[in-house]
Amino acid sequence: MNLITQKKAFKLILVTGFIFFQLVSTALASSDLSGLSLIPKPVSVISAAGNFTLTTKSTIIISDQRTELKHIGTYLAGKLSPATGFGMAVKTSAEKQSAGNIYLSIGSKDNKLGDEGYQISIKGGLINLTANKPAGLFNGIQTLRQLFPAKIESSSPQAGPWQIPAGTIRDYPEYSYRGAMLDVARHFFQVNDVKRYIDLIAIYKLNVLHLHLSDDQGWRIEIKKWPKLTSIGGSSQVGGEKGGFYTQEQYSDIVKYAAERNILIIPEIDMPGHTNACLASYPELNCNGKATELYSGTEVGFTSLCTSKELTYQFISDVFGELAAITPGPYLHIGGDESHVTKLEDYIPFVNRVQEIVGKLGKKVIGWDEIALSTLRPNSCVQYWAKGENAALGVKQGAKVLMSPAANAYLDMKYDSTSLLGLFWAGFIEVDKSYNWDPATLVPGVSKENILGVEAPVWTETITNMKELEQMVFPRIIGIADLAWRSSTSGNWNEYKVRLGNQAERLKTLNINYYQSKLVPWK
Ligand code: TNX
């Protein structure tokens with residue numbers, strides 16, 4: 001052999017070796033259930049020999065005819081059909097279980113699974129997904145989606161095989177409230193955008209969407225007794241373009257769409273500050289009886305409802321009354337933040353009275369952490385965003401705390417100094433910073449048993465459309481979802497970043513405009 005042939009032979013060996021290694025490692029990865037990158041990370045995953053393959057004959061079998069089960073079965077069929085091109089029928093059947101089918105049933109005997117947990121068993125060539133409640137099945141379905149190859153998320157037929165390695169997953173969340181907040185007041189987002197947002201956060205098992213429906217720059221929900229709130233207050237937004245609002249019908253449609261995806265809608269009407277849009281709509285709500293001008297800037301903290309006028313409380317009763325009637329969930333969010341031009345001696349009785357109004361409507365109050373300065377009702381919840389002392393004061397009064405630390409969980413903060421969108425008053429938040437915190441130990445005086453859950457807000461002063469929103473939200477919200485689901489001791493950035501990197505193909509297939517942080521080993 002001359003030198004050139006030797007070199008060629010050596011190269012051939014290298015290339016063959018590399019291909020062989022690649023083949024073995026893909027085979028290994030896909031033949032091992034516990035090797036798959038799941039987010040949120042399940043409580044336990046145990047691998048077994050064998051696998052499940054979805055075929056043209058595969059059927060989704062529900063354990064009984066109740067409508068919730070039918071909905072969930074149909075939802076799963078809707079997720080698996082487009083990419084596989086298989087019809088995916090949903091049937092009820094008492095017959096013997098057979099390979100290739102997916103069985104969904106409610107009535108697991110495992111109490112630890114709670115309302116939202118589930119168990120997936122992949123054995124004998126079939127899948128059994130069981131849970132105590134429909135919410136658990138829904139969460140299990142999100143896991144199932146991630147067990148299939150990423151192209152399962154495609155909207156057009158792709159080549160199989162659609163295989164999942166055998167084993168058992170047992171899973172349940174640490175926090176029962178896992179939320180996202182969308183500010184539709186600074187920039188308005190259409191119903192279809194909100195629905196896409198719901199679809200995307202549901203993948204990662206978030207179960208609350210808090211809608212920030214009013215602020216200085218716009219009022220976004222129809223209130224029949226106060227029509228100018230939307231005809232005037234809804235017309236503006238940041239930057240001076242035309243705003244928008246949801247009719248009550250559209251809002252109800254969002255609530256229903258969200259509920260079908262295990263997501264609760266919490267509406268927020270911010271007060272007594274952040275109220276320019278309503279003060280511009282109704283002169284009589286101002287202490288001086290004069291309407292303000294519509295506002296399209298981005299300053300905060302310069303407006304207040306007139307706390308000394310009786311009409312103000314009539315207004316609030318009407319607004320929350322109409323909202324309560326179309327909001328099936330237990331909470332109404334009253335804002336309460338940055339009321340810089342409301343004197344504390346006016347702020348305190350105001351918040352007390354608003355809590356009473358909401359209580360009479362049979363709803364519970366959530367408010368930004370400043371509301372802890374008032375006398376909290378036992379079932380009111382303080383949303384921590386800025387001041388630890390406020391959160392701790394809330395706990396002292398027996399309230400629960402919702403954790404939204406601005407320095408970690410605010411998805412409108414820039415990633416770094418090169419980010420084109422976003423603000424940075426709470427600092428830059430790279431993907432590791434939004435992941436590396438523990439809700440249960442972050443704030444002195446607030447511990448696990450005081451915490452209702454975790455929520456990641458996105459404020460939209462600088463965010464004008466869905467592409468921009470996705471760039472700021474993804475991938476940080478995926479980390480928030482992982483940490484809200486996991487137990488306090490299991491968070492580890494180095495382990496998580498690999499799982500996140502392995503989501504790349506899924507995110508691309510879903511057309512999510514995510515930020516490709518250099519800290520993440522994207523695959
Ligand atoms: C503070 S967080 C606000 C919002 C802004 C946000 C921008 C909070 C309760 N109030 O009004 O939009 O900062 O990051």
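In what follows, a residue is called buried when its relative accessible area is under 20%. Good morning. The structure before you is a predicted model, and I shall take helix 4, helix 6, Thr230 and the ligand in turn.

I begin with helix 4. Its buried residues are Val191, Val194, Lys195, Tyr197, Ile198, Leu200, Ile201, Ala202 and Ile203. Please note that a lysine, Lys195, is included in that list. As for the length of helix 4, its 13 residues should span 18 Å at 1.5 Å a residue, and the end C-alpha atoms are 19 Å apart, which agrees. Just after the helix, Lys205 adopts a positive phi of about 70°.

Helix 4 leads us to helix 6, residues 248-259. Which residues of helix 6 are buried? They are Gln248, Tyr251, Ile254, Val255, Tyr257 and Ala258. The cover over these buried residues includes helix 4 (191-203), strand 9 (208-212), strand 12 (264-271) and helix 8 (310-325). The geometry of helix 6 is also as expected: 12 residues at 1.5 Å each should span 16 Å, and the distance between the end C-alpha atoms is 16 Å.

I turn now to a single residue, Thr230, which belongs to helix 5, residues 228-231. Is Thr230 buried or exposed? Its relative accessible area is 8%; because the limit for a buried residue is 20%, Thr230 is classed as buried. Neighbours within four places in sequence aside, Thr230 is in contact with Trp219, Ile221, Glu222, Ser235 and Phe245. A polar atom of the Thr230 side chain also lies 3.2 Å from the backbone oxygen of Pro227. Between Thr230 and Thr247 there are 9.1 Å in space, C-alpha to C-alpha, with the two residues 17 apart in sequence.

Finally, I come to the ligand. It is surrounded by 14 residues, of which Arg186, Tyr410, Asp412, Trp425 and Glu461 are the closest. By character, this shell comprises 8 nonpolar, 1 polar and 5 charged residues. Which side chain has an N or O atom 2.7 Å from an oxygen atom of the ligand? That side chain is Arg186. On the nitrogen side, a ligand nitrogen atom is 2.8 Å from an N or O atom in the side chain of Asp337. The side chain of Glu338 likewise places an N or O atom 3.1 Å from a nitrogen atom of the ligand. Of the 360 Å² of accessible area that the ligand has on its own, the protein covers 98%.

Thank you for your attention.

Key
Residues are numbered from 1 along each chain as its sequence is written. This is a predicted model: local features need pLDDT of at least 70, side-chain atom pairs count only at pLDDT 80 or more; totals for chains, interfaces and linings use all residues. Side-chain values use heavy atoms; hydrogens and water are left out. A residue is near a molecule or strand if one of its heavy atoms lies within 4 Å of it. A polar contact is a pair of N or O atoms within 3.5 Å; within protein, one must be able to donate a hydrogen and the other to accept it, and residues adjacent in sequence count only if both atoms are side-chain atoms. Accessible areas come from the Shrake-Rupley method with a 1.4 Å probe; for residues, only the protein chains shown count as cover. Ala, Val, Leu, Ile, Met, Phe, Trp, Tyr, Cys and Pro count as nonpolar, Asp, Glu, Lys and Arg as charged, and the others, Gly among them, as polar. Helices (H or I, at least four residues) and strands (E, at least two) are DSSP runs, numbered from the N terminus. The expected span of a helix is 1.5 Å times one less than its number of residues. Buried means under 20% relative accessible area, exposed over 50%, partly exposed in between (1.4 Å probe, protein chains only). Contact means heavy atoms within 4.5 Å.
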